[in-house]
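The following exercises are to be worked with the sequence and the coordinates at hand. Please attempt each task before reading its solution.

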Amino acid sequence: MGKKIPLTDRLASLIAKSTDNSVDPTTVSIYETIAINNLPVSKAGSLFDGAVMEPGTMQEMADYVNNAGAVPMHTLHNQGGELPVGRVFYAEPRTTMMGTSELRSLFYIPNSETVIND
C-alpha cells in the first residue's frame, strides 16, 4: 500500500511536467510506493519463480516515467474492464539500507476517485 504525501511545489511541478499542465494538482491525492524491488519473486509453479529485477531495468522504467511516459493506475491487476483512475508521474531507483534495490514511484488519484485508505 502506498503512503499518502502532502502536495509540495516540487510535486506540483512534477505533475505538471508529466501531464503537460492538464491536471490541477490540488484536485488529486498523491501517494508514494515501492513499485518493484530486486528481491526474488516467490510465485511457485510460474515462469517467474525466483526471478530478480535488475537495477538497470528499474532505471529504464524510471527514465520512461520521468520523460512523460504514460503509466496509468488501475484499481486491479487484471486491467480488463476498469478504466485507469490515476497516473504514475515520477519514479526513482534507490538502494535500501539492506543493500537491495527498489523503484520508488509517485502516483496520483483524483480526489473524486480516491480508493486507498489514508
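**Exercise 1.** Determine whether Asp20 is buried or exposed in this predicted model, and describe its backbone.

*Solution.* Step one is to consider the relative accessibility of Asp20, which is 68%. Step two is to apply the cut-off: a residue is exposed over 50%, so Asp20 counts as exposed. Step three places Asp20 in the loop that links α1 and β2. Finally, the backbone: the phi of Asp20 is near 55°, a positive value although the residue is not glycine.

**Exercise 2.** Carry out the corresponding analysis for Ala68: in which loop does it lie, and how is it classed by accessibility?

*Solution.* Ala68 belongs to the loop between α2 and β3. Its relative accessible area is 40%. Since buried means under 20% and exposed over 50%, Ala68 is classed as partly exposed. Its phi is positive, at about 70°, and Ala68 is not a glycine.

**Exercise 3.** Establish the order of the strands in the sheet and identify its edge strands.

*Solution.* Begin with the order: five strands make up an open sheet, arranged β1-β2-β5-β4-β3 with antiparallel pairing. Next, look for strands that pair on one side only; these are β1 (3-5) and β3 (71-73), the edge strands. As a last step, consider the twist: on average, neighbouring strands are turned by 40° against each other, direction ignored.

**Exercise 4.** Which helices pack on this sheet, and which strands does each meet?

*Solution.* Take helix α1 (residues 9-19), which packs on the sheet and touches β1, β2 (28-37), β4 and β5. The direction of α1 makes about 115° with that of β4. Then take helix α2 (residues 55-66), which lies across β2, β3, β4 and β5. Helix α2 runs at about 145° to β4.

**Exercise 5.** Trace the pairing of β4 on both sides, and name the bridge partners of Arg87.

*Solution.* On the β5 side, eight bridges join β4 (residues 86-95) to β5 (residues 101-110), and the two strands run antiparallel. Within this pairing, Arg87 is partnered by Tyr108, and Tyr90 by Leu106. On the β3 side, three bridges connect β3 and β4, again in the antiparallel sense. Here Pro72 stands opposite Arg87. Arg87 is thus matched with Tyr108 in β5 and with Pro72.

**Exercise 6.** How many residues separate β4 from β5 in their hairpin, and which turn residue has a positive phi?

*Solution.* Five residues lie between the two strands of the hairpin. In the turn, Gly99 has a positive phi of about 90°.

Conventions
Residues are numbered from 1 along each chain as its sequence is written. This is a predicted model: local features need pLDDT of at least 70, side-chain atom pairs count only at pLDDT 80 or more; totals for chains, interfaces and linings use all residues. Side-chain values use heavy atoms; hydrogens and water are left out. Two strands pair if DSSP finds at least two bridges between them. Helices (H or I, at least four residues) and strands (E, at least two) are DSSP runs, numbered from the N terminus. Axes are lines fitted to C-alpha atoms, for helices over the stretch in contact, and angles run from 0 to 180 degrees between N-to-C directions. Contact means heavy atoms within 4.5 Å. Buried means under 20% relative accessible area, exposed over 50%, partly exposed in between (1.4 Å probe, protein chains only).
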